[in-house]
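Open the model in a viewer and keep a selection panel at hand. The stops below each give something to select, followed by what is found there.

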2 protein chains.
Amino acid sequence: MDELKAYIQKVSDATNETLEWILPPDTLYPASIHSLMRYSSFAGGKRLRPCLVIAAYEACGGEFNNPKILKIAAAIEMFHTFSLIHDDLPCMDDDDFRRGKPTAHKAYSEALAVLGGDALCIMAFEVLASIERVDIIAEIAAALGTGGMLGGQVVDIESEGKKVDRATVEYIHNNKTAALIRASVIAGALLANAPPDALEKLSSYGNNVGLAFQVVDDILDEESTTEALGKNVGSDRDKGKATFPSIVGMEESKRYAQELIENAWKDIEFLGEKNKILKDLAEYIRIRIS
Amino acid sequence: MDELKAYIQKVSDATNETLEWILPPDTLYPASIHSLMRYSSFAGGKRLRPCLVIAAYEACGGEFNNPKILKIAAAIEMFHTFSLIHDDLPCMDDDDFRRGKPTAHKAYSEALAVLGGDALCIMAFEVLASIERVDIIAEIAAALGTGGMLGGQVVDIESEGKKVDRATVEYIHNNKTAALIRASVIAGALLANAPPDALEKLSSYGNNVGLAFQVVDDILDEESTTEALGKNVGSDRDKGKATFPSIVGMEESKRYAQELIENAWKDIEFLGEKNKILKDLAEYIRIRIS
């Protein structure tokens, strides 16, 4: 895993550098919103999605230092940050802390958090437009919309405090979390001009990894420490959130996460030795709970 | 003006038809967000921006029934609706009514209003991607971001209840309102492949018309009736909003609106007889206060 950790560090550094020049300086008028955009963008995210964008691109023949793939990686992270800022709002999950720091609406204001989230989303589309690939814009927009991330978020909010079935939790996780993770993989593959059969297999890989990521997140929410999580342990349960462990139990959740990772590995066998980083990234998600 | 009214009706019908098939049915799961998106999209907007998109396109040689220009017109209206939904939120302008109907967060919920606004914005980019013109996406995204609409919205919120100068109100109006109106004109001209000098003049026309529109809106907020406005007369003043009449007086506001419209007319003289609808649209904005 040392090689993977070095890779994650390299992607994280490159993503941060790219975000650094994309995001307006926090002195630019109106300063408050630019300051918020930077505050939330540099709040200590692990940059998992940029890793998947770039690893898929490289696995399909692309080269790390292409400015276009770094822009896509940064844009995906901006979309992710936008979704977190809006998720944390009082009218949504009402979270005061994320990764141990005050959430955007606590550090600034609710109005600025709504507008700052909007601004990150819109600016990310502007960044994608500069790459001149409408297929990548269409893919990501579909993953973010009501047939993806936002649809999952709606059902997540509407399921709070209710007894839901396994299919509903799978719907929430597949859409709220896995859709953008899957689109990250596909965006990298599209920029590398991967053929249709490769896109199909990578799409399945992205789904499996994305769903596994959220199932593992559910497990950690129950089993980790408050310090490690940067938020209270069991906070999802306290909110009456639909989680995997609450519906199928802890043992079945762990078995399912393992199965999803194994399926993800099978999906990328076709890449041969070039699948190493994508394979290790899937394993990296799993070992958080082993 | 009869010819213009027929034109506005034709554009409004075509925009509504286009939105009708773009927007997901309100029975599609998750139904609540799709229902909200339709509720706000068909809440009785005048479709001024679609008129400007299509009139600019036709003035530059385009044909009305091109599905691409109708998609751009619908997308611009979706961006506009997204901005209204978020503007009306309790943490922003806290408006319970718009055009005489309950605002989205009153008719649904705050959480759904945040997510439904997000969804309209994201889906509008998806619609634009289908036109395969990244220059149009870049133009509109820049107009919506912190260097445009969202920047104006931030300063608008932060100026509430404060004594501001004329330059600040001009900044707010130029960005919050005029930026997207200008981008509407430019998007139409870009699809018609207008040359750079035409784009420059139409950009100035869009700025002048957009600023005039908001100055007239400020005047109407003071002088119209509650019934005609669909919201309370003087509601901007009551909120301590920075408006033109509150800073330079009613007489100067009306003179300035007239000057802006005349400048807009000069901008489009180069189009010769093809400028008729764009000219009448500018006049249409002015006569609301004459």
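## Helix 3 against helix 15

Select helix 3 and helix 15 of chain A: from helix 3, Cys51(A), Leu52(A), Ala55(A), Ala56(A), Glu58(A) and Ala59(A) meet Ile277(A), Leu278(A) and Leu281(A) of helix 15. This is a predicted model. By class, the residues of this contact are eight nonpolar, no polar and one charged. Now display the axes of the pair: helix 15 spans residues 276-287, and its axis comes within 8 Å of that of helix 3, with a crossing at roughly 150°. Helix 3 of chain A is therefore roughly antiparallel to helix 15 of chain A, as angles over 145 degrees count as such.

## Ala56(A) and the core

Stay on helix 3 and centre on Ala56(A), which meets helix 15 as part of the contact just visited. Leaving out residues up to four places away in sequence, Ala56(A) touches Val185(A), Gly188(A), Ala189(A), Leu202(A) and Leu278(A). Next, add Ala212(A), Ala56(B) and Ala212(B) to the selection: together with Ala56(A), they are the residues with the most contacts inside the largest nonpolar core, which has 194 residues. In soluble globular proteins, nonpolar side chains tend to be buried together.

## Helix 1 across helix 3

Keep helix 3 (residues 48-59) of chain A and add helix 1 (residues 2-22) of chain A; the two pack with their axes 9 Å apart, at an angle of about 105°. That angle makes helix 1 of chain A roughly perpendicular to helix 3 of chain A. To see the contact, show Ile8(A), Val11(A) and Thr15(A) on helix 1 and Pro50(A), Cys51(A) and Ile54(A) on helix 3. Five of the contact residues are nonpolar, one is polar and none is charged. Cys51(A) appears here and also in the contact with helix 15.

## The cis peptide bonds

Follow the chain to the loop between helix 1 and helix 2 (31-41) of chain A, where Pro30(A) lies. The peptide bond from Tyr29(A) to Pro30(A) is cis, and its omega is near -10°. Then move to chain B, where Pro30(B) sits in the loop between helix 1 (2-22) and helix 2 (31-41). Tyr29(B) and Pro30(B) are likewise joined by a cis peptide bond, with omega about -10°.

## Positive phi in chain B

Select Asp94(B), in the loop between helix 4 (67-87) and strand 1 (97-98) of chain B. Its phi is near 50°, a positive value in a residue other than glycine. Is Asp94(B) buried or exposed? Asp94(B) counts as exposed, because it has 12 C-beta neighbours inside 10 Å.

Arg99(B) is in the loop between strand 1 and strand 2 (101-102) of chain B. Arg99(B) also has a positive phi, near 50°. With 13 other C-beta atoms within 10 Å, Arg99(B) is partly exposed.

## Where the chains meet

Finally, show both chains. The contact takes 38 residues from chain A and 38 residues from chain B. On the chain A side, helix 2, helix 6 (110-129), helix 7 (134-144) and helix 8 (149-159) each supply at least two residues. Colour helix 6 of chain A: it gives the largest share of that side, 12 residues. The side of chain A that touches chain B comprises 25 nonpolar, eight polar and five charged residues.

How are the two chains related? A turn of 180° and a shift of 0.0 Å along the axis lay chain A on chain B with an RMSD of 0.0 Å. That is the relation of a two-fold axis. The copies meet through the same surface, because 100% of the interface residues of chain A are also interface residues in chain B.

Methods:
Residues are numbered from 1 along each chain as its sequence is written. Chains are lettered from A and ligands numbered from 1 in the order in which they are written. This is a predicted model: local features need pLDDT of at least 70, side-chain atom pairs count only at pLDDT 80 or more; totals for chains, interfaces and linings use all residues. Axes are lines fitted to C-alpha atoms, for helices over the stretch in contact, and angles run from 0 to 180 degrees between N-to-C directions. Helices (H or I, at least four residues) and strands (E, at least two) are DSSP runs, numbered from the N terminus. Angles under 35 degrees count as roughly parallel, over 145 as roughly antiparallel, 65 to 115 as roughly perpendicular and the rest as oblique. Two residues are in contact if their C-beta atoms, placed from the backbone, lie within 7 Å. Ala, Val, Leu, Ile, Met, Phe, Trp, Tyr, Cys and Pro count as nonpolar, Asp, Glu, Lys and Arg as charged, and the others, Gly among them, as polar. Copies are superposed by least squares on the C-alpha atoms of residues with pLDDT of at least 70 in both. A residue is buried if 20 or more other C-beta atoms lie within 10 Å of its own, exposed if 12 or fewer, and partly exposed in between; C-beta atoms are placed from the backbone. A nonpolar core is a set of buried Ala, Val, Leu, Ile, Met, Phe, Trp, Tyr and Cys residues joined through C-beta atoms within 7 Å.
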